[in-house]
Each structure stands twice: as C-alpha cells, then as structure tokens.
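Work through the exercises below with the structure open beside you, and try each task before you read its solution.

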Amino acid sequence: MSLPVVDIFAGAGGLGEGFARAGFEVALSIEKDQTACKTITLRKYYNLFKNNDVPEDYYSYITGKISFEKFLDNQDKNWKIAKEKVFCATLGDKKTKAELHKKISASTKNSKEFILIGGPPCQAYSIAGRSRMIGGLDKKLSRSSYQQKIIDRFYNDPRHILYKEYIEILATHRPAIFLMENVKGIGSAKTNESAEKGSIFYNITEGLKSPELALCSELSTDEINHTQDEYELYSLCSDITKTNDLFGKSNPSSASDFLIKSEEYGIPQSRHRVLILGIRKDYDFNPEKLIKNDKYKTVKDAIFNLPAIRSGFSKQEDNDNNWTKEIKQQILQVFSKEKISELKIEELLKEMEGRNQLLNRGSNFIKDTEISFEAKDLEIWFKDIRLNGVIQHEARGHMISDLCRYMYCSAHGQIYGKSPSLDTWGSSMSKLLPKHKNIKIKKDGKLDINTHNDRFKVQVWNKPSSTVVSHISKDGNYFIHPDPTQCRSLTVREAARLQTFPDNYWFCGNRTQQFHQIGNAVPPYLSFQIANLLK
C-alpha cells in the first residue's frame, strides 16, 4: 500500500497528477487560486475512477455536450469526495492556519506516514522576476527614495518567505518523504540586498533538514547543531547521493546539485527547475536517480499531430475568407524583397491560400479520430481514445502587425532551425520591427536594441520548446507556432502538451486563467517518473 500524498501550493495539479498516474492517492491539494481549485477538483473526480470506468458525463462536459451545471446535476457522492480533497486557502494566512493543519491531519489519518509535495510561488526567486523589479536600477548612483522603495518592496515581498510555511508543515506533521520544487533562480536569491550569507537557498535547505529547530530556534545558522537534523536531502539527478554531506558552516550546497533539466527526461520542453527530495532519517531508503533519455523529445513530437488552425484578428473583421488576403497584403508591404526571396514567403502565401477554406480558429472541442504519435511513450501518456478529439484548441486573435512578425519568425525557424533574435532582423526589415522606444536603427544601419532580444520567439519543430511560463497568459509573442501557414501563437492545448498534461485534462476558467495555470505547473510526466522512483 503506497503512502498518501499532500500537495501544497498545488496550482493546477501538475505535480499531483504525476503521483496520481503512478498509483498514489493525492489525499489533499491546497491552493489559493479559486479557478485552479476548480481545475484540481474536476481532475480529482476523474482520478477517482479507472480509465474505462470514468462516467460518460465527464467527457460530455469537457467536449461541450453538457454544461457544468448539468454535469453537477448528474453527480452523487463522487463529486463530494473530490471536493473534500481540495482546500482553497492561502498558506501563511493566520485565519485559515488552524483549519489547514486540521485538514492535513484528517487527510493523512493523523499519521506521519505520508508524502508532502509542492513548491512555494517562485516569482520572488526567479531571475526574470528580480530583473523586472530591480534589474533596471543603477546601484552605482546614489539612490532616490523612489528607487529605494522599489528595492525595499521587492525584498519585503512575502513570497520570499513562503518556504517557511512548507517548513512549518514539515515540523508539525513530520511526513516520511517530501519533494520541494522551485525555479533555478532560487540558487542566487538573497534575503536582502547585501546578504553575503544566509541566501534564500541556504535558509531553505537548512530549514528542510531541521524543520522544528528552524522554526523554534533564535540561533543563527552558524550555531545550529547539525546532529539534530531530521531529514536527509537527496538529489534526483546529481552523482551526489546524500547532499547533507555538502552542507556545512563554510560550504553550503549549490542549487545546481538539485537542478533537473526536464528535456533530459522525456519532456518536450527546456524547463530547468530545482527539485529537493527529503527523507525522514528513520526511513532506511536510498532513492535511485532519474534515468536520462538518449534522445530529446521535440515540439514536433508533442504537437505536430494536433489539427491545423489559423490565427484570428483582434482589431479588425475576422473571418475565414479575408484572413489570407489581409495577411498577404500586409506582408508584401512590410517584408523586404530580400527576405521574401530568402524565406520563400510567396510559396508560403500560396500554401496559405490553398488551405484557406480548410482552416478555422479551432474551438473547445474538435472531433478527430485520426490522432497518432511518432513517439509511442508520449502517445501512451497523452492519448485517451474515449475523448475522440482535441479539447481547448482555439487560436487567439492578434494584431495583423504581430501576425506579420509571426510569419517572419516561423518562416526563419523553418529554414534555419532557430528563432531570429531582433538584432538579426536588420534595417531591411525596419517596417516589421515593433514600435518600441528601446529599438532604434543607428546611422550605420545596424540595430540598437535595449530590450529583450527574443521578444518574438518561434518554437521550432526539431527541438524541445523553450520554458512554458505564466507570461504566455498575457500574449503569444514568445510562443509562436512553428508552421508559418498557421501564422499564430500556441493554443491552450499545445501549451498543455509541451507541459505534458494528458489530453483529457480540462483547465477551468477563461483562456488567460488556463494559460496561467499551465505556465506555473510542474510537468506531470516528470512528476510521474519521480513518483515511480518513490513507489
């Protein structure tokens, strides 16, 4: 009998899904976002059954045949069971703390023999987050009060210390095993602007080893008696087995020892995250390492077989008849003759015209019985023959100027196998450059770029995708589809595929909320592999 699992900071349930697919019961998921909680609850309902026993109403709902209200009308005790396994609460909120601990105790039957999984919100630790907040401030200059307020606000962000809520749960409930996930930027994040010691990563790992001591002791980390450690920390990827041996007063371990590169483990995405495995010292258990794949899974492996659809227009009349006409007219105005020839644009436009009547913008359900995969392991993971199609596969609308940029990037990616950075667009494509104050053409014709050089990024077929992040909810500029004739950003289902969510996984909320849930998740297929090591 496997240990029950408690999933905190659960998001849309990616980490928990891997454990559920490996045969564990995720007895409780805790998440503050109400829409994500709806997503988790629906998935928990699904996971109450074996595949062939899932009620038909589930499929009727996610394929749009019945409303959510109608779906609920047909439910009995199973929906109630699913709801009881989800607690919508903010960790760190004093108002719900007592109830939170009560629910954990109830879900684990007051036993210490369970697995705790989850990762505190990562925005405060991420390199990108720090760059947005304080990266533009010139620290060599005397600071204005405004600059100092920005710095103070960043370092006082409560998300910096949410890891303490994780440690408090460890200290209170003492689970047998825990798995903590976070961004690789946690390795360089500090508790304050000038901290040389006591980095976020050092504080977290010391707390994970000795959670009770970390909460109750007023001693500095140099004074902690390491003989009181309650947990051994392990890396799932490094050659080092027990990483406790690396921790010392003058030699804290590096976050890189725990860094999992997802593309090395069958995930069609370059996603690098810190994953720390902790095992209570009374367990005689030495986990194996994750096994690396010989060959990377690619964007093509993940999404090539999804139905082809076209983009939409966001600021003008949108219909199938004028889509190709409008894009062609605009592209021939802004593309230089050299680029039209180099990237075979006219051939692509003819192909678009030939497919014009075949493509639409997709929908929340597209019936398709012919979906097959080249990568059989992904086919087993993704496919559900009862679904009989594709859900949540609808293209966004974009400004036509952005669609021209999408066409350029995807055509370039198709020929050269990589996305063109802005500084390679050249003055001959000046009409295509985004109207941004940080992009200028110098007198010698070269570009002067003082912004992100990959502001428009196409995902290419023969490589893993770049990291799917929550920013995909704001626009699709970093996630351009590799097929120039579709001329669009990725759909919710394509992003979910790159994150390895199964095809029958439904994301609640509007499209922005769906993208946000996907971007913040742990790839379930990676979680599944870890869960199998523990099982």
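A residue is called buried when its relative accessible area is under 20%, exposed when it is over 50%, and partly exposed in between (1.4 Å probe, protein chains only). This is a predicted model, in which local features need pLDDT of at least 70 and side-chain atom pairs count only at pLDDT 80 or more, while totals for chains, interfaces and linings use all residues. Residues are numbered from 1 along each chain as its sequence is written, and side-chain values use heavy atoms, with hydrogens and water left out.

**Exercise 1. Find the salt bridge of E25 and describe the setting of both partners.**

Step 1. A salt bridge is a side-chain nitrogen of Lys or Arg within 4 Å of a carboxyl oxygen of Asp or Glu. E25 meets this rule with K85, since the closest N and O atoms of the pair are 2.5 Å apart.

Step 2. Helices (H or I, at least four residues) and strands (E, at least two) are DSSP runs, numbered from the N terminus. In these terms, E25 lies in the loop between α1 (14–21) and β2, whereas K85 lies in the loop between α5 (77–84) and β3, and the two residues are 60 residues apart.

Step 3. K85 is buried because its relative accessibility is 13%, whereas E25, at 42%, is partly exposed.

**Exercise 2. Explain why the salt bridge between R280 and E113 ties together separate parts of the chain.**

Step 1. The side chains of R280 and E113 meet at 3.1 Å, N to O.

Step 2. R280 belongs to strand β8 and E113 to the loop between α6 and β4, so the pair ties together parts that are 167 residues apart in sequence.

Step 3. R280 counts as buried because its relative accessibility is 6%, while E113, at 29%, counts as partly exposed.

**Exercise 3. Check the length of helix α6 and describe its surroundings.**

Step 1. The expected span of a helix is 1.5 Å times one less than its number of residues. For the 14 residues of α6 (residues 94–107) this gives 20 Å, which agrees with the 21 Å between the end C-alpha atoms.

Step 2. The buried residues of α6 are T96, L100, H101, I104, S105 and S107. Contact means heavy atoms within 4.5 Å, and the elements that cover these buried residues include β1 (5–8), β2 (26–31), β3 (86–88) and α9 (163–173).

Step 3. At the start of α6, a side-chain oxygen of D93 comes to within 3.0 Å of the backbone nitrogen of K95. After the helix comes K109, which has a positive phi, near 55°.

**Exercise 4. Which strands pair with β4, and in which sense?**

Step 1. Two strands pair if DSSP finds at least two bridges between them. β1 and β4 pair in the parallel sense over four bridges, with D7 standing opposite I117.

Step 2. β4 and β5 (residues 177–183) also pair in the parallel sense over four bridges, and here L116 stands opposite F178.

Step 3. From β4 (residues 115–118), I115 and I117 point one way and L116 and G118 the other, and all are buried.

**Exercise 5. Why do C88 and C37 not form a disulfide?**

Step 1. A disulfide is a pair of cysteine sulfur atoms within 2.5 Å.

Step 2. The cysteine sulfur closest to that of C88 is in C37, and because the distance is 3.6 Å, it is too far for a bond. For C487, the closest cysteine sulfur is in C404, at 7.1 Å, which is also too far for a bond.

Step 3. By this rule the count of disulfides comes to zero.

Key. Polar contact = N/O pair within 3.5 Å; in protein donor to acceptor, adjacent residues only side chain to side chain.
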